[in-house]
Amino acid sequence: MKIGIIGGVGRMGSGLAFRLSKNHDVLITSRNFEKAIQTAETLETNARGFHKNSMQGEINGASDEDAIEQSEIVIITLPAEATLPAIQELKAHFRQNQIIISTVVSMKKSQGTFRHVPLSKPATTSFTDETGSMKSVAELIQEFVRPANVVSSFHTVPAAYLTDIEKVLNVDVFVAGNDDTAVSAASKLICEIPNLRPLKVGPLENSRLIESMVPLLLNVANLNDLKEPLIRVIPWIPSAYSGCT
Ligand SMILES: NC(=O)c1ccc[n+]([C@@H]2O[C@H](COP(=O)([O-])OP(=O)(O)OC[C@H]3O[C@@H](n4cnc5c(N)ncnc54)[C@H](OP(=O)(O)O)[C@@H]3O)[C@@H](O)[C@H]2O)c1
C-alpha cells in the first residue's frame, strides 16, 4: 500500500513514516520539496537500520499533490493553524475510497497550561454543529476531502516514542470515524506498529473528545513532573483484547 504523509518531514510525520515503512511505501511532504527529498533519504536509511530485512517499503519525498494522488491512505500531520488552509487548497486531489487520517490537535499554551482551542478559519466552513458546539479538526477536514473518508487517530501517541528505537511502546490509540471500512483500515495500520492497540471510540464527531485529551495529557505531564505520559485503558476485569485480528 502507498501512504502519503502531509507535513511528513515534521516530528509526528517522520515518526509514522519510520514505523509504517516496514510494510508500506511512504511519501512524505514539506512546503520545501528539497527538504522532503533529503528528509526521506535520512529517514529511509534509519528505518532500514531498524527494520533490517523485514523492511518492505520505501520512504520518498513528494509534493502534497503527488502524495495525495498516489496514496490509498493520506495522514495529515500539519500544525493545526496550517491544516484547513492547506487542505482547502488541495481538496481537488482527494478521491472516493481514499482514507484520510487526521492526527491534528488544535491547542494553545497560556499562563503555563495548555487549552484545547477549536479552529475558526477559513470563513467558508461552518465551525459549529446544529447544537452550536465547535467541531473537531477531523470533522472540518472531512468537509473538504469528501468523498474520501476521514478517520481521527494517533493524537495521544508522542512522536518521540515512534522514532526512539529503544522505546517499547505500550499505548492505546483512539480511533474515531464514520465509515467502518476506513476505521478498520486505520486500525490495521495501528496494529502494524508493535505494542500499539487501536480502540474504537465511535463516529468522527467523537474526535472532539480525542483531540481535547492531548492538552489534558500535556498539563498532567507538566504539572506533575511526568514525562511523555501515555494513555492505556485498564479494564477492571483483565482482558486480552488486542484490538487486532
Ligand atoms: N509531536 C507529537 O508528539 C504529536 C503527537 C500526536 C499528534 N501530533 C499532531 O501532529 C501535527 C504535527 O505536529 P508535529 O509535532 O509533528 O509538528 P512539526 O514537527 O512542526 O511538523 C509539522 C510539519 O508541517 C509543516 N508545516 C509547518 N507549518 C506549515 C504551514 N503553515 N503550512 C504547511 N505546512 C506546514 C512543516 O514542514 P515544512 O516546514 O517543511 O513545510 C513541519 O515539519 C500537529 O497537529 C500535532 O498536534 C503531534
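This is a short tour of a predicted model, going from the ligand and its surroundings to a cavity in the protein.

Begin by selecting the ligand together with the residues around it, a shell of 20 residues in which M12, S30, R31, K35 and L78 come nearest. If you colour this shell by residue class, it divides into 11 nonpolar, six polar and three charged residues.

Next, keep the ligand in view and show the side chain of S30, where an N or O atom is 2.5 Å from an oxygen atom of the ligand. Then add the side chain of R31, which has an N or O atom 2.7 Å from an oxygen atom of the ligand. For R11, display the backbone, since it is a backbone N or O atom of R11 that lies 2.9 Å from an oxygen atom of the ligand. With these contacts on screen, turn on a surface for the ligand: taken alone the ligand exposes 870 Å², and the protein buries 75% of that area.

Now leave the ligand and turn to the space enclosed by the protein atoms. How many cavities of 30 Å³ or more does the count give? The count comes to one cavity of 30 Å³ or more, and the largest cavity holds about 30 Å³ of space.

To find the largest cavity, select the residues that line it, which are S106, H116, V117, P118, L119, K135, S136, V137 and E211. Coloured by class as before, this lining has four nonpolar, three polar and two charged residues.

How values were computed. Residues numbered from 1 in each chain as written. Predicted model: local features only at pLDDT ≥ 70, side-chain atom pairs only at ≥ 80, totals over all residues. Heavy atoms only, no water. Near = heavy atom within 4 Å. Polar contact = N/O pair within 3.5 Å; in protein donor to acceptor, adjacent residues only side chain to side chain. Areas by Shrake-Rupley, 256 points an atom, 1.4 Å probe, with all protein chains shown as cover. Nonpolar A, V, L, I, M, F, W, Y, C, P; charged D, E, K, R; others polar. 1 Å grid on protein atoms, 1.4 Å probe; cavity = no way out; pocket = protein on both sides within 12 Å on 5 of 7 lines; lining within 4 Å. Points joined across faces, edges and corners; volume = space filled by probe spheres on them.
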